[in-house]
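Colleague: Could you walk me through this model, one question at a time? I'd like to start with a single pair of residues and work outwards.

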Amino acid sequence: MKRTCFLSHEDLLSWLARLAEKATVWVPDPDPAHPQVVSYKPFTPGSRPDFRRLPSLSAKGVLYPQGEVLLRFQKDKDPSAPSGYRLSFEDVLPVDCAVLFGCPPCDARGFLVFDEAFLQGPYADPYYRERRERAVVVSRVCRTWDAACFCHAVGSHPADEEGSDVQMIPVTEGHIFRAVTAKGERFLEGVGVQPTLAQHQEAQAALEQGRAQRLEDAALVSPSDDFRKRFSDAAFWRLWTERCLSCGLCTFVCPTCYCFTITDESDGIHGERLRSWDACMFHHFTQEASGHNPRPSKAERYRNRVGHKFSYFPEKHGRIACCGCGRCIRSCPVSMDIRAIVRALSQTEDAHV
Amino acid sequence: MSRALLKANPYLPHKATIREIIEETPAIRTFRIVLDDPAAMAAFSFQPGQVGQLSVFGVGESTFVINSPPTRRETLQFSVMRTGEVTRALHQLNIGDTVGVRAPLGNSFPYASMKGRDVLFVGGGIGMAPLRTLLLTMIDNRADFGDITVIYGARSPQDLCYRYEFDAWRAAGVNLILTVDADSPGWRERVGFVPTVLAEEAPSPYNRVAVTCGPPIMIKFVLAGLKQLGYDDDQIYTTLERRMKCGIGLCGRCNIGGTYVCVDGPVFSGTALRAMLPEL
């Protein structure tokens, strides 16, 4: 039997305040000046989280910060050393605990892509692993969607629990919390009260409704063969990427885009090796020192984005590297729509010729 | 350094000291380094073809092949052509300076399956670096191999690496054919592009494995040349290069389709190359 409990709106805020004493509790927090703009921020006693709107940035930064220190190094003068200095360095592994609280199911599912890439490959990423092992993900059943949402097309739905430790279901007087994993069971120990039968039924109905919700009908789940056939069709990729600005916003807002760069910063004596989000949409991403670039134009770069998400990644890990949140579509300054491009892969007519 | 250590935090380099620097050509220097931790140095094990990431702290990291053979363990050797930021910083270093090393990374040449066969090496310029690792391993186990032919070319005689070793290679029974793009005074070996010399020499594909590395354009014509001589795809091996950051299959820039050059490569058979998506 999975642990469930009920918390009223007021009890929820005091629980969050208690949690925030031990961990960083990331909640969707509306901007005071622009309440429609929601972003993940650490909970503080005055916070009024918004559990309805989709945050404009994904939650990936909670477990995979936009920039982080991998190593610190230092040069100390030492006349006895042949080089005149002694260099020392050490790795800086994260030690903080995070609770991601009230994210939509698509954001929770995004971490499954990170889990595959960063924990199941030939090498595990210790920075991500440290954060992931200590983090608890509480996702909410989603009730607000728009025309850019397409979780259904990638095998999900607004009540999806995959990737979450605890599921949060809105009912009339508050929320029902339902443990999904063993970690979630422990997290809910001693929290809230037993839901009443009426609340329980309301939660069940909300789950059923979410599961039945179809956002975008045509599935995008197996376009790998179509992608391979289209790979060398230069005219196709040129046509579909003509208006792309290579700004990289789609990868920045994406819950599953995990590519990064590593750079050193130093004042000559102290320094840090940093890891930062990078994007395959950028020209310099694959630019080699010799001048050669295997992805010289935006056509090849966008092709890589589509291929990575819908062909290379599923072939290797058995799941699409896309959770259908639609942020890339909503944020794109020139209205590129990855759904349309993936669907066009299989169109037999060469409309672009 | 054991694989297990690298697994704990694969981003954490080992500290190493430069013991020797060899000026190969005006643009290429060879660094011989030793890991500062003697236990790590003694436990360091790798296969010919594997690579390492060299760090200059404050500048960054780049990937280079370990081009000393596993059979010679006093130092680890890397040949570096001055091309970009990190390689320029490496060329500024002196004996005694500290570098970081993350190694071994990547796959290796299928050395064991080459035993008992004839071998053809076709190298161009700095592309001789990975071939040297395999060649010296074979020289140190000379009885395991039949004929070893090396066709090695560069733009000019001054651009050939490892010139000081040519006599030793020949003394070990290596059929070494050297060529330069344009004739120059005092040059007594061949003149002509590597693929042309390959066609003239025409080493028989019978029970032979061919290994080639060099500039992409040379590899392209050498692969075509080998095909013409009757070599099958599975008799041919080459190495690929890509811009890399992490070197451990995560950062997402060295992929060709779903193949990551850093972990699935850098060594690929002709068969594997043909199966790859065309994004070279």
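**Strands, sheets and core**

Colleague: Which residue in β10(B) is the bridge partner of V180(B)?

Modeller: Happy to! This is a predicted model, so to speak: local features need pLDDT of at least 70, side-chain atom pairs count only at pLDDT 80 or more, and totals for chains, interfaces and linings use all residues. Residues are numbered from 1 along each chain as its sequence is written, with chains lettered from A and ligands numbered from 1 in written order. Strand β9 (residues 174–180) of chain B pairs with β10(B) in the parallel sense over two bridges, and in β10(B) the partner of V180(B) is V191(B).

Colleague: About what angle does the direction of α5(B) make with that of β7(B)?

Modeller: α5(B) packs on the sheet and touches β7 (118–124), β8 (148–154), β9, β11 (208–213) and β12 (236–239) of chain B. Axes are lines fitted to C-alpha atoms, for helices over the stretch in contact, and angles run from 0 to 180 degrees between N-to-C directions. For α5(B) and β7(B), the angle is about 155°.

Colleague: Which are the edge strands of the open sheet of seven strands in chain B?

Modeller: The order is β10-β9-β8-β7-β11-β12-β15 (chain B), with mixed pairing (strands pair if DSSP finds at least two bridges between them). Pairing on one side only marks the edges, β10 (190–191) and β15 (267–269) of chain B.

Colleague: By how much are neighbouring strands of the six-stranded sheet in chain B turned against each other on average?

Modeller: That open sheet has antiparallel pairing in the order β4-β3-β6-β1-β2-β5 (chain B). Its edge strands are β4 (60–65) and β5 (76–81) of chain B, each paired on one side only. With direction ignored, the average turn between neighbouring strands is 40°.

Colleague: Which residue of β6(B) is the bridge partner of both H14(B) and L54(B)?

Modeller: Strand β3 (residues 51–56) of chain B runs antiparallel to β6 (residues 98–105) of chain B, joined by four bridges, and four bridges also join β1 (residues 14–23) of chain B to β6(B), again antiparallel. S55(B) stands opposite G100(B). For H14(B) the partner is V101(B), and for L54(B) it is likewise V101(B).

Colleague: How many residues of β6(B) are buried?

Modeller: A residue is buried if 20 or more other C-beta atoms, placed from the backbone, lie within 10 Å of its own. β6(B) is mostly covered, with the buried count being eight of its eight residues.

Colleague: Which helix gives the largest share of the largest nonpolar core?

Modeller: The core, a set of buried Ala, Val, Leu, Ile, Met, Phe, Trp, Tyr and Cys residues joined through C-beta atoms within 7 Å, has 169 residues, with W26(A), L100(A) and F121(B) among those with the most contacts inside it. Eight residues come from the top contributor, helix α5 (residues 128–139) of chain B.

Colleague: Why is chain A as compact as a globular protein of its length?

Modeller: Chain A comes to twelve helices (DSSP runs of H or I, at least four residues) and eleven strands (E, at least two). The globule rule, 2.2 Å times the number of residues to the power 0.38, gives 20 Å for 353 residues, so chain A compares well, its C-alpha radius of gyration being close to that at 23 Å.

Conventions
Buried ≥ 20, exposed ≤ 12 C-beta atoms within 10 Å, placed from the backbone. Contact = placed C-beta atoms within 7 Å.
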